[in-house]
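Q: I have a structure in front of me and would like to learn how to read it. Could the explanation begin with the pocket and proceed from there?

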Amino acid sequence: MGLGELAAAASERAQGTRVRLRPTMQSDLDFVLTLERDAQNLPFITPWDRTQHEAAIRFPDFRHFVIEGGPGLDAAGFLILIGCKSPHHSLELKRMVVQHKGKGLGRAAIRVVKKIAFDNLGAHRLWLDVKSRNQRARAFYLSEGFQLEGTLREAVRDGDGYQSLLVM
């Protein structure tokens, strides 16, 4: 099954609205970069530059997806999986950013990515890290079955100080 077929086969409904993942294209990168640099998202992620996203699109160990949702399946966010070719079958959800929060699109997208990870990519484990101050994301991931496994204390430089990462 090709990547496009994989994305089309995995879809979910969020509050009556269909959500699917499709492979990110070069033409999507302005959208991705705009989402990453949005003031609402910046405190909770460590943004990449265009070159890093381009590499993630091309590198076989990564899956870079645009989240599409709504009646017209418009671009609604993006997510990145790492470790897709790992012999350990341990995939990392590197990043998920949704444009409009609170509409169920992130929840539907995480369910789709879990299907892709376990059913299509043969993952044994799906993990992520989240900045400790991002309580909303932590609660969301817990509600979707992720478990808190540990803390990487002061692992990320954040402004004048350091931020801890919670491994889930």
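## Reading the pocket and its surroundings

A: The largest pocket has a lining of 31 residues, and those nearest its centre are Met-96, Val-97, Asn-134, Ala-137 and Tyr-141. Please bear in mind throughout that this is a predicted model.

Q: How much space lies in the largest pocket?

A: The space in the largest pocket comes to about 800 Å³.

Q: Which elements each supply at least two residues of the lining?

A: Four elements do so: strand E5 (90-98), helix H4 (105-120), strand E7 (129-131) and helix H5 (135-143). The largest share belongs to E5, which gives 6 residues to the lining.

Q: How do the residues of the lining divide into nonpolar, polar and charged?

A: In the lining of the largest pocket, 15 residues are nonpolar, 8 are polar and 8 are charged.

Q: I should like to look at one helix in detail. Which residues of H5 are buried?

A: A residue is called buried when its relative accessible area is under 20%. In H5 the buried residues are Ala-137, Phe-140 and Tyr-141. Viewed down the axis of H5, these buried residues fall within an arc of 95°, so they line one face of the helix.

Q: Why do residues three or four places apart in an α-helix point the same way?

A: An α-helix has 3.6 residues a turn, so residues at that spacing point the same way.

Q: What do the buried residues of H5 pack against?

A: They pack against E5, H4 and E7. Each of these three elements, like H5, supplies at least two residues of the lining of the largest pocket.

Q: What follows H5?

A: H5 is followed by Gly-145, a residue whose phi is positive, near 100°.

Q: Which residues other than glycine have a positive phi?

A: Two cases may be set side by side. Leu-73 is a residue other than glycine with a positive phi, near 50°. Leu-73 is located in the loop between strand E3 (62-69) and strand E4 (74-82). Glu-154 is not a glycine either, yet its phi is positive, about 45°. Glu-154 has its place in strand E8 (residues 150-158).

Q: Is Leu-73 buried or exposed, and is Glu-154 buried or exposed?

A: Leu-73 has a relative accessible area of 15%, so it is buried. Glu-154 has 53% relative accessibility and therefore counts as exposed.

Q: Strand E8 also holds Val-156. Is Val-156 buried or exposed?

A: Val-156 has a relative accessible area of 14%, so this residue is buried.

Q: Which residues is Val-156 in contact with, leaving aside neighbours within four places in sequence?

A: The contacts of Val-156 are Thr-46, Lys-131, Gly-161, Tyr-162, Gln-163 and Leu-165. Val-156 and Thr-46 are 110 residues apart along the chain, and 8.5 Å separates their C-alpha atoms.

Q: What share of the contacts in the chain between residues at least 6 apart in sequence join residues at least 24 apart?

A: The share is 56%.

Q: How is the chain as a whole to be described?

A: The chain has 5 helices and 9 strands. Starting at the N terminus, its elements follow the order α-β-β-α-α-β-β-β-α-β-β-α-β-β. The chain has 168 residues, of which 45% count as buried. About 8800 Å² is exposed by the chain, and carbon and sulfur atoms supply 50% of that area.

Conventions: Residues numbered from 1 in each chain as written. Predicted model: local features only at pLDDT ≥ 70, side-chain atom pairs only at ≥ 80, totals over all residues. Heavy atoms only, no water. 1 Å grid on protein atoms, 1.4 Å probe; cavity = no way out; pocket = protein on both sides within 12 Å on 5 of 7 lines; lining within 4 Å. Points joined across faces, edges and corners; volume = space filled by probe spheres on them. Nonpolar A, V, L, I, M, F, W, Y, C, P; charged D, E, K, R; others polar. Buried < 20%, exposed > 50% of the residue type's maximum accessible area, 1.4 Å probe, protein only. Arc of directions from axis to C-beta. Contact = heavy atoms within 4.5 Å. Areas by Shrake-Rupley, 256 points an atom, 1.4 Å probe, with all protein chains shown as cover.
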